[in-house]
Amino acid sequence: MITTYKAAPDIEVLTSPIPIPGFGLIPVNAFVLHGAEPVLVDTGAVIDREEFLAALRTVIDPADLRWIWLTHTDFDHIGSLSALLAENPQLRVITTFLGVGIMSLVDPLPMDRLNFVNPGETITVGDRTLTGLRPPAFDNPSTTGFVDERSGAFFSSDCFGALLQAVPDDAADLSDSDLREGQVFWATVDAPWLHKVDRATFARELDGIRRMEPTMVLSSHLPAARGMTDRLLASLEAAPGATPFTGPDQAALEQMLLEMAGGPSQ
Ligand SMILES: [Fe+2]
Ligand SMILES: [Fe+2]
């Protein structure tokens with residue numbers, strides 16, 4: 001079920017807790033930035049397409065949107081992309097060359113309705129200035145987050161996400177251990193290459209985010225996190241040394257199937 005809340009007076013969150021059987025919940029977030037030229041950041045999961053559009057209509061008339069910032073092209077981010085482009089001919093998509101390339105394999109984007117913003121580049125959308133930034137962890141080469149100069153928020157895409165047992169609207173309501181363990185677990189699932197990074201190099205990259213001093217981190221997979229960037233960075237710094245994730249094996253799958261059929265559990 002998709003619910004909405006405000007992360008700031010002019011920023012709404014649309015969130016859907018997706019169950020990961022045997023593990024917990026991962027929130028899937030999209031964001032609406034109100035302003036002279038409203039921006040939608042990502043478009044929900046493909047499986048939630050109809051519900052996402054209904055939830056979106058409760059926070060903004062899609063006809064008023066001017067931009068979609070596509071942080072990357074994974075199935076939990078592109079759900080309502082083509083439906084919104086069809087509904088609103090004024091909508092433009094902010095993405096990268098790689099984003100367009102990947103979408104061309106599944107649902108090609110209209111080339112005359114694109115703005116490319118690479119990490120480090122800036123775009124002005126009405127009364128907001130957005131600067132592209134590659135987050136320190138990601139699962140897709142098209143990933144481009146951004147900093148919104150007006151709010152000071154860092155939209156970090158998959159980075160800083162957390163596997164949770166319950167999803168509050170405010171990351172500050174999570175206990176230290178739930179936040180840390182949830183974030184570390186998610187990082188090992190979403191970015192397994194983190195186990196191969198040079199720790200010192202990674203720490204310097206995280207320092208870059210610390211020095212940016214975002215007012216809040218708005219991750220695609222974490223409740224809104226205001227004024228707690230140091231905690232988020234400390235969790236992520238621990239991820240390279242954490243236990244690598246290995247998915248359930250065939251015996252576990254067969255046990256799951258047995259339980260789903262109402263059979264005995266071991
Ligand atoms: Fe992703
Ligand atoms: Fe994602």
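# Two cavities and an iron pair

Strand S2 (11-20) and strand S3 (24-33) each contribute at least two residues to the lining of the second largest cavity. Strands (E, at least two residues) and helices (H or I, at least four) are DSSP runs numbered from the N terminus. This is a predicted model in which local features need pLDDT of at least 70 and side-chain atom pairs pLDDT 80 or more, while totals for chains, interfaces and linings use all residues. Residues are numbered from 1 along each chain as its sequence is written, chains are lettered from A and ligands numbered from 1 in written order, and side-chain values use heavy atoms, without hydrogens and water.

Let's stay with the cavities (on a 1 Å grid over the protein atoms alone, places where a 1.4 Å probe fits but cannot get out; lining residues have an atom within 4 Å of a point). A search of the whole structure turns up 3 of them with 30 Å³ or more, each volume being the space filled by probe spheres set on the joined grid points. The second largest has a volume of about 50 Å³, and its lining includes Leu14, Thr15 and Ser16, as well as Val28, Asn29 and Ala30. Ile2 and Phe52 also line this second largest cavity.

The largest cavity has a volume of about 60 Å³. Helix H4 provides the largest share of its lining, 4 residues. Among the lining residues of the largest cavity are Gln183, Trp186, Ala187 and Asp190, together with Asp158, Cys159 and Phe160.

Asp158 leads us to the metals. Which residues hold the iron ion (ligand 2)? Asp76 (OD), His77 (NE2), Asp158 (OD) and His221 (NE2) coordinate this ion at 2.1 to 2.3 Å; donors are N, O and S atoms within 2.8 Å of the metal (3.2 Å for Na, K and Ca), and water is not among the atoms, so sites may look incomplete. Along the chain, the donors of ligand 2 follow the spacing D-H-x80-D-x62-H. The iron ion (ligand 1) lies 3.4 Å from ligand 2, and Asp158 coordinates both. His77, in the loop between strand S5 (67-69) and helix H2 (81-87), and Asp158, in the loop between strand S11 (153-157) and helix H4 (176-190), are 81 residues apart, so the pair links distant parts of the chain. Both His77 and Asp158 are buried (under 20% relative accessible area; exposed is over 50%, partly exposed in between; 1.4 Å probe, protein chains only).

Finally, here are two residues that have a positive phi although neither is a glycine.

| Residue | Phi | Relative accessible area | Place |
|---|---|---|---|
| Asp42 | about 65 degrees | 1%, buried | loop between strand S4 (39-41) and helix H1 (49-59) |
| Ser157 | about 55 degrees | 2%, buried | strand S11 |

Definitions and conventions
On a 1 Å grid over the protein atoms alone, a cavity is a set of points where a 1.4 Å probe fits but cannot get out, and a pocket is an open set with protein on both sides within 12 Å along at least five of seven lines; lining residues have an atom within 4 Å of a point.
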